[in-house]
Amino acid sequence: MEIIRDPRQMHERAMQIKCSETTLGFVPTMGALHDGHISLVRQCVNDNDMSVVSIFVNPSQFAPGEDFDKYPRSEGKDTLILENENCDIVFIPDRRDMYFNHLTTVRMEGITEKLCGKKRPGHFEGVATIVSKLFNIIMPQRAYFGGKDYQQYIVMKKMVFDLNFNVEIIGCPIVRESDGLAMSSRNAYLKPEHRKTAPALYRELKRGRDLLLEGMEPEKVVEKMKDRLKDIKDLKVDYIDILTGSTLQVPSENDKHLRIFAAVYIGETRLIDNIGVELE
Ligand code: AMP
């Protein structure tokens, strides 16, 4: 497995790969890899002749006061995992190389202000900018994104369409712990007592899905879910929203592919999750 740190060197290598008509898949990550990331890597390795995984804790997607400094970093362990998963290239750029005298951002309107964008202004701008840069450096045919960050996945799909990136965006299912908690690098922040509380989020999403399937109105379902969650110690709801799955819009009566999105704080830790609902 090659480890490349210099963006120019990564680009040259990607050009060589492109000239050899080899399909190149790409998985962007911020490292601290867990089974959720690994599921994306496996799918990528399976679908493509060659795979690149990037590890970069992207400062521009963290707002001031967020956890950029304390975000878990484990490069040595991550590269061992990736080698075992038959990844071909790990791209680990330096922050100074990626953002040298940087004046440009990629901004999207309409779907980035809602859900996670409300509490994290500038977050999706940071994501869209870094992923655009990574796409230009690596030039993959396919890129893999996890369903846990579903809004990010939709933002990526819209970005490649709007900006004519020649990359297929592939969404992958959410990988969960055995008690239902969606895997996340941030789960490491949870205190033991809060870790026990955390599966309540997915439990409530499933209850919400059942209520929608029974025919309850989305607004009522959101109310019920918030009502149940408010009684859980140290849990504070950030948002619960029910939107259309492909366009993230408020659903009309005719919309059948819905998704429930939720973010909660458990203690100091913010967790997000979502679930799809297919109405008859
Ligand atoms: P991150 O390192 O948090 O930026 O995540 C890198 C990629 O892994 C993103 O596309 C995430 O959506 C995906 N990912 C993170 N956690 C999970 C999970 N539990 N299941 C599936 N994909 C995930």
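Start by selecting proline 140: with a relative accessibility of 2%, this residue counts as buried (under 20% relative accessible area; exposed is over 50% and partly exposed is in between, with a 1.4 Å probe and protein chains only). Before you go on, note that this is a predicted model, in which local features need pLDDT of at least 70, side-chain atom pairs count only at pLDDT 80 or more, and totals for chains, interfaces and linings use all residues. Residues are numbered from 1 along each chain as its sequence is written, and side-chain values use heavy atoms, with hydrogens and water left out.

**Around proline 140**

Stay on proline 140 and show the loop it lies in, between helix H6 (123-138) and strand E5 (142-146). Helices (H or I, at least four residues) and strands (E, at least two) are DSSP runs, numbered from the N terminus. Now bring up the residues that proline 140 touches, leaving out those up to four places away in sequence: Leu24, Gly25, Phe26, Phe135, Asn166 and Val167. Contact here means heavy atoms within 4.5 Å. For a distance to draw, try the C-alpha atoms of proline 140 and glutamate 168: they sit 8.5 Å apart, with the two positions 28 residues apart along the chain.

**Back along H6**

Step back to methionine 139, just after H6, and check its backbone: phi is positive, at about 50°. Most residues other than glycine have a negative phi.

Then select H6 itself. Its 16 residues reach 22 Å from first C-alpha to last, close to the 22 Å expected at 1.5 Å a residue; the expected span is 1.5 Å times one less than the number of residues. H6 is mostly covered, with 13 of its 16 residues buried.

Within H6, pick threonine 129. At 6% relative accessibility, threonine 129 counts as buried. A polar atom of its side chain lies 2.7 Å from the backbone oxygen of glutamate 125. That pair is a polar contact: N or O atoms within 3.5 Å, where within protein one must be able to donate a hydrogen and the other to accept it, and residues adjacent in sequence count only if both atoms are side-chain atoms. Aside from neighbours within four places in sequence, threonine 129 is in contact with His102, Thr104, Thr105 and Val106.

**Over to E5**

Next, click on arginine 142, in strand E5. Arginine 142 counts as partly exposed, at 23% relative accessibility. Its side chain reaches the backbone oxygen of aspartate 47 at 3.1 Å. Leave aside the neighbours within four places in sequence and the contacts of arginine 142 include Thr23, Asp47, Asn48, Glu168 and Ile170. Leu24, Gly25, Phe26 and Val167 are also among the contacts of arginine 142, and those four appear in the list for proline 140 as well.

**The ligand**

Now select the ligand and its shell. Of the 17 residues around the ligand, the nearest are His37, Gly146, Asp149, Val175 and Met183; a residue is near if one of its heavy atoms lies within 4 Å. Strand E2 (24-29), helix H2 (35-47) and E5 each supply at least two residues of this shell. H2 gives the most, with three.

Three distances are good ones to draw. A polar side-chain atom of aspartate 149 is 2.6 Å from an oxygen atom of the ligand. A backbone N or O atom of valine 175 lies 2.9 Å from a ligand nitrogen. A polar backbone atom of methionine 183 is 2.8 Å from a nitrogen atom of the ligand. On its own the ligand has 480 Å² of accessible area, and the protein covers 93% of it (Shrake-Rupley method, 1.4 Å probe; for residues, only the protein chains shown count as cover).

**The E8-E9 hairpin**

Move on to strands E8 (residues 257-266) and E9, which run antiparallel and are joined by ten bridges; two strands pair if DSSP finds at least two bridges between them. Leucine 258 stands opposite valine 277 in E9. Two residues separate the strands of this hairpin, and glycine 267 in the turn has a positive phi of about 65°. Eight of the ten residues of E9 (residues 269-278) are buried, so this strand is largely enclosed by the rest of the structure.

**Two loops to finish**

Go to aspartate 234, in the loop between helix H10 (218-229) and strand E7 (235-244). Aspartate 234 is not a glycine, yet its phi is positive at about 65°. Its relative accessible area is 38%, partly exposed.

Last stop: leucine 248, in the loop between E7 and E8. Leucine 248 also has a positive phi, about 55°, without being a glycine. Is leucine 248 buried or exposed? At 0% relative accessibility, leucine 248 counts as buried.
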